[in-house]
Protein chains: 2
Amino acid sequence: MENLSDNQNLSASSALIVIGNEILSGRTQDKNIYYIAEKMGSHGVPLREVRIVPDIESRIVEAVHSLSKQYGIVFTTGGIGPTHDDITAACIAKAFGLGMERNKAAYEELVKHYSDGEVTEARAKMADMPVGAEIILNPVSGAPGFIIENVYVMAGVPKIMQGMLDHAVGMIEDGSPVLSKTLVFDMPESEIAGRLGEVQDQFPDVEIGSYPNFHNGKLWTSIVARSTDEALLDKVIEVVRSVFEA
Amino acid sequence: MENLSDNQNLSASSALIVIGNEILSGRTQDKNIYYIAEKMGSHGVPLREVRIVPDIESRIVEAVHSLSKQYGIVFTTGGIGPTHDDITAACIAKAFGLGMERNKAAYEELVKHYSDGEVTEARAKMADMPVGAEIILNPVSGAPGFIIENVYVMAGVPKIMQGMLDHAVGMIEDGSPVLSKTLVFDMPESEIAGRLGEVQDQFPDVEIGSYPNFHNGKLWTSIVARSTDEALLDKVIEVVRSVFEA
């Protein structure tokens, strides 16, 4: 795949920072990576890297520094609630050398959401964001996410994150969607490897992946071709089919 | 959680590099992170960072460089099959400035596995490993993983990875298992935040996390305490219970 790396425009790509001791401890299985990967691939700003880091300031700041320089868009999930371990907003501010402020638009969302009209100090903390942040609406539980520089800060609860991403995607310029087509063969990869490598050499601009599945004691192989060019993709799939169905 | 970062001995911790275009494209949902996180927490060598990178040499080499210096153990999953996109072994060799060789023990495993006795060149490629690598047995499909320096290289197919990890863990000195206890309350985090922060301040050596769950239109909160000291953990849970059940 090395050829492709030079063609990849990382500024038209996205990265994700999952902030979560609960994922690293094995307490919770992440469900956000998959959703964001699929959504951003379709939107043409494909996910090219994910980092899962603990709820520790230095690790979050380091990841934001590193990824926000390399990728066009960086998402974060987790750590934006009202408790002592919700340190994401302050870390993002620190990463960009910004102060924190009570965001007016975010505070108004909280007032609208809590039907008792009571925005306690703990609730209000969820409106504390880096100076100049733009909010990402939360259609599920009120407290918004936010955007600062090229970083999109979202909740960790999957249902809430999904609502935020659906809103955020509308604010991200779309690229050419990455299309994919898959063929499945009941052969192990080792019987496919040589000829598949030849097909890859023949079509350097299409990313051809080979994925073994273990099922009922037998190895199957899925061959997946990915490209933004549908005609080219059809051609590759036709060649793969003719090679392996022969 | 900032206090804890200074106490964390990263050399007694592990990190994971998931090598997988199929995860980043949203084609496949990762199932390995969760399994490795749980297993290594119980083994006392907890997972402290995960990176998911594409099948691109420079990105894999960079991740191996960075994480193998910081953590006691680094796992990788994916990219060790026989096809053109299986570049993990060569990347690990490059990261450590090592050459590649046909590993004898690995080759013997292949001969044993293939009942037809036929180790084709494509199959034999799975025995090509960095010079000096020690193999990790694969009880499922024959082709082994390997260990070089502090990096443990495993398959990406979950069933195969699990078999390899079960074997590898026996070769990793265990630490103090990280224990966790959880209490669930039907209140949103904002009603818990202030008093929970006080409990955290009272017990700086226990990691107290608060995780919202959205269920039937209502926010619940799980409070999770983690420590290697069971007596201390019991004490924290007792305090949390007495504070929030009052």
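**Stop 1: strand E3 of chain B**

Start by selecting Ile73(B), Phe75(B) and Thr77(B), which sit on one side of E3(B), then add Val74(B) and Thr76(B) on the other; residues on both faces are buried. This is a predicted model, so keep that in mind as you click along. In a regular strand the side chains alternate between the two faces of the sheet. How many of the residues of E3(B) are buried? The count is 5 of the 5, so the strand is largely enclosed by the rest of the structure.

Now bring in the strands that pair with E3(B). Strand E1 (residues 14-19) of chain B runs parallel to E3(B), with 5 bridges between them. To see one such pairing, pick Leu16(B), whose bridge partner in E3(B) is Phe75(B). E8(B) is also parallel to E3(B) and is joined to it by 4 bridges. Here the pair to show is Val74(B) and Val151(B), which stand opposite each other.

**Stop 2: Ser68 of chain B**

Select helix H4 (residues 57-70) of chain B and find Ser68(B) in it. Is Ser68(B) buried or exposed? Ser68(B) is buried, because 20 other C-beta atoms lie within 10 Å. Beyond its neighbours within four places in sequence, the contacts of Ser68(B) are Val74(B), Glu149(B), Asn150(B) and Val151(B). Two of these names should be familiar: Val74(B) and Val151(B) are the opposite pair from E3(B) and E8(B). For a distance to try in your viewer, draw a line from the C-alpha of Ser68(B) to that of Leu24(B): they are 44 residues apart in sequence and 22 Å apart in space.

**Stop 3: helix H8 of chain B**

Next, select residues 158-169 of chain B, which form helix H8. This helix has 12 residues and spans 16 Å from its first C-alpha to its last, close to the 16 Å expected at 1.5 Å a residue. Colour its buried residues: Ile160(B), Met161(B), Gly163(B), Met164(B), Leu165(B) and Ala168(B). What do the buried residues of H8(B) pack against? Within chain B, they pack against helix H3 (32-43) and strands E3 (73-77), E6 (134-136), E7 (145-148) and E8 (151-154). Strand E10 (207-215) of chain A is on the list too, so show both chains for this view.

**Stop 4: the hairpin of chain B**

Stay in chain B and select strand E10 (residues 207-215) together with E11(B); they run antiparallel and are joined by 9 bridges. The two strands form a hairpin with 2 residues between them, and Asn216(B) in the turn has a positive phi of about 50 degrees. Then add strand E9 (residues 179-185), which pairs with strand E11 (residues 218-227) in the antiparallel sense over 7 bridges. Centre the view on Ser222(B): in E11(B), this residue is the bridge partner of Tyr211(B) and also of Val184(B).

**Stop 5: where the chains meet**

Show the two chains in separate colours. The contact region takes in 64 residues of chain B and 63 residues of chain A. On the chain B side, those residues are 28 nonpolar, 20 polar and 16 charged. Zoom in on strand E2 (residues 47-53) of each chain: the two pair in the antiparallel sense over 3 bridges. Ile52(A) stands opposite Val50(B) there.

**Stop 6: strand E1 of chain A**

From E2(A), move to E1(A), a parallel partner joined to it by 6 bridges. Ile17(A) stands opposite Arg51(A) in E2(A). E1(A) is also joined to strand E3 (residues 73-77) of chain A by 5 bridges, again in parallel, and there Leu16(A) stands opposite Phe75(A). Strand E1 (residues 14-19) of chain A is mostly covered, with 6 of its 6 residues buried. Ser14(A), Leu16(A) and Val18(A) are on one side, with Ala15(A), Ile17(A) and Ile19(A) on the other.

**Stop 7: the core, then all of chain A**

Which residues have the most contacts inside the largest nonpolar core? They are Val64(A) and Val64(B), in a core of 108 residues. Around Val64(A), leaving aside neighbours within four places in sequence, select its contacts Ile17(A), Val74(A), Cys91(A), Ile92(A), Ala95(A) and Val151(A).

Finally, zoom out to chain A, with its 10 helices and 11 strands. Colour domain 1 (2-169) and domain 2 (179-244) separately; their C-alpha centres lie 35 Å apart.

Key:
Residues numbered from 1 in each chain as written. Chains lettered and ligands numbered in written order. Predicted model: local features only at pLDDT ≥ 70, side-chain atom pairs only at ≥ 80, totals over all residues. Contact = placed C-beta atoms within 7 Å. Nonpolar A, V, L, I, M, F, W, Y, C, P; charged D, E, K, R; others polar. Pairing = 2+ DSSP bridges. Domains from an automatic or database assignment. Expected span 1.5 Å × (residues − 1). Buried ≥ 20, exposed ≤ 12 C-beta atoms within 10 Å, placed from the backbone. Core = buried A, V, L, I, M, F, W, Y, C linked by C-beta atoms within 7 Å.
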